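I opened this entry to look up how the sheet is ordered and what packs on it. The notes follow the order in which I checked things.

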Amino acid sequence: MPTADARREELKAVWKEAQACTRCPQLASTRQSVVFGAGNAGADLMFIGEAPGANEDRQGLPFVGQAGRLLEQLLSEIGLERGDVFIANVLKCRPPGNRDPLPQEIDNCRPYLYRQLELIAPKVVCTLGNFSTKLLRDDPGTGITRLHGREEVRVIGPRAVRLYPIFHPAAALYTPRMLETLRTDFHRLPELLALEPPPQPEPQEPAAREPEPELLEEEDAQEEQQEPAAGREPENAQLGLF
Ligand code: URA
């Protein structure tokens, strides 16, 4: 696996690509921000929600509304804070009126999430609610009510992770019994994080070789190296925690 620094740099490149994404024409035309996700780019624990809501769209950060406050509260109960984990969503753009993500939108956005999972390389992936659970288990027929609180090892892209579905905090906000279940499930996270990482699958051969880059003459290469990196760094606060 590439070094943590190399993966972090690559994550920034994916961030940059996502900022200009127009794969979902409706979402691209109604969004205020692309909410890529935020947190520690080398986190052992990653949370995956559904899609940004109005607050997230305005601020460009995931889980900053009421559901986010509950998530932070639960994190503090297990001795963690936002900067210790990485938080992302199935969709990076807000569906208008907070409607459910459409299958085509989930499909369009999936490569960003899979790249995030590959580059952050968490040990535990905690899916919040139905959409992320169904997507990452690749099983649209089995929902969160049956699966919550049951960890399993899953190969997602090139890596094996401990997948741990729990209820979505937004669903638990107004239902005390669901909140109780969410809290019980959440409090098992330290135990899962303390386990050895799951055995990794054999690395696959790359499908096709990248074309060789053109070789530069030595002088050109020196000039190239002196190019300032400015303009390539993400400026958004989403990366403040990276
Ligand atoms: N709900 C989500 O699923 N994601 C957010 O970022 C906020 C609310």
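Before reading the sheet I fixed one term: two strands count as paired if DSSP finds at least two bridges between them. I also noted that this is a predicted model.

Entry 1, the chain. I counted 11 helices and 6 strands, and I found that buried residues make up 39% of the 242 residues. Among contacts between residues at least 6 apart in sequence, 74% join residues at least 24 apart.

Entry 2, the sheet. I read an open sheet of 6 strands in the order β1-β3-β2-β4-β6-β5, with mixed pairing. Its edge strands are β1 (38-39) and β5, each of which pairs on one side only. I then looked at β2 and β3 (residues 86-89), which pair in the parallel sense over 4 bridges, and I noted that I48 stands opposite A88 in β3. Helix α5 packs on this sheet, where it touches β2, β3, β4, β5 and β6, and its direction makes about 165° with that of β3.

Entry 3, helix α6. I found that α6 packs on the sheet as well, touching β2, β4, β5 and β6, with its direction at about 130° to that of β4. Why is α6 largely enclosed by the rest of the structure? I put this down to burial, because 7 of the 8 residues of α6 (residues 130-137) are buried. I listed these as N130, F131, S132, T133, K134, L135 and L136. Besides strands, the buried residues of α6 pack against α5 (103-120) and α7 (144-147). Last, I recorded that D138, just after α6, takes a positive phi of about 55°.

Terms used:
Residues numbered from 1 in each chain as written. Predicted model: local features only at pLDDT ≥ 70, side-chain atom pairs only at ≥ 80, totals over all residues. Buried ≥ 20, exposed ≤ 12 C-beta atoms within 10 Å, placed from the backbone. Contact = placed C-beta atoms within 7 Å. Axes fitted to C-alpha atoms, helices over the stretch in contact; angles between N-to-C directions.
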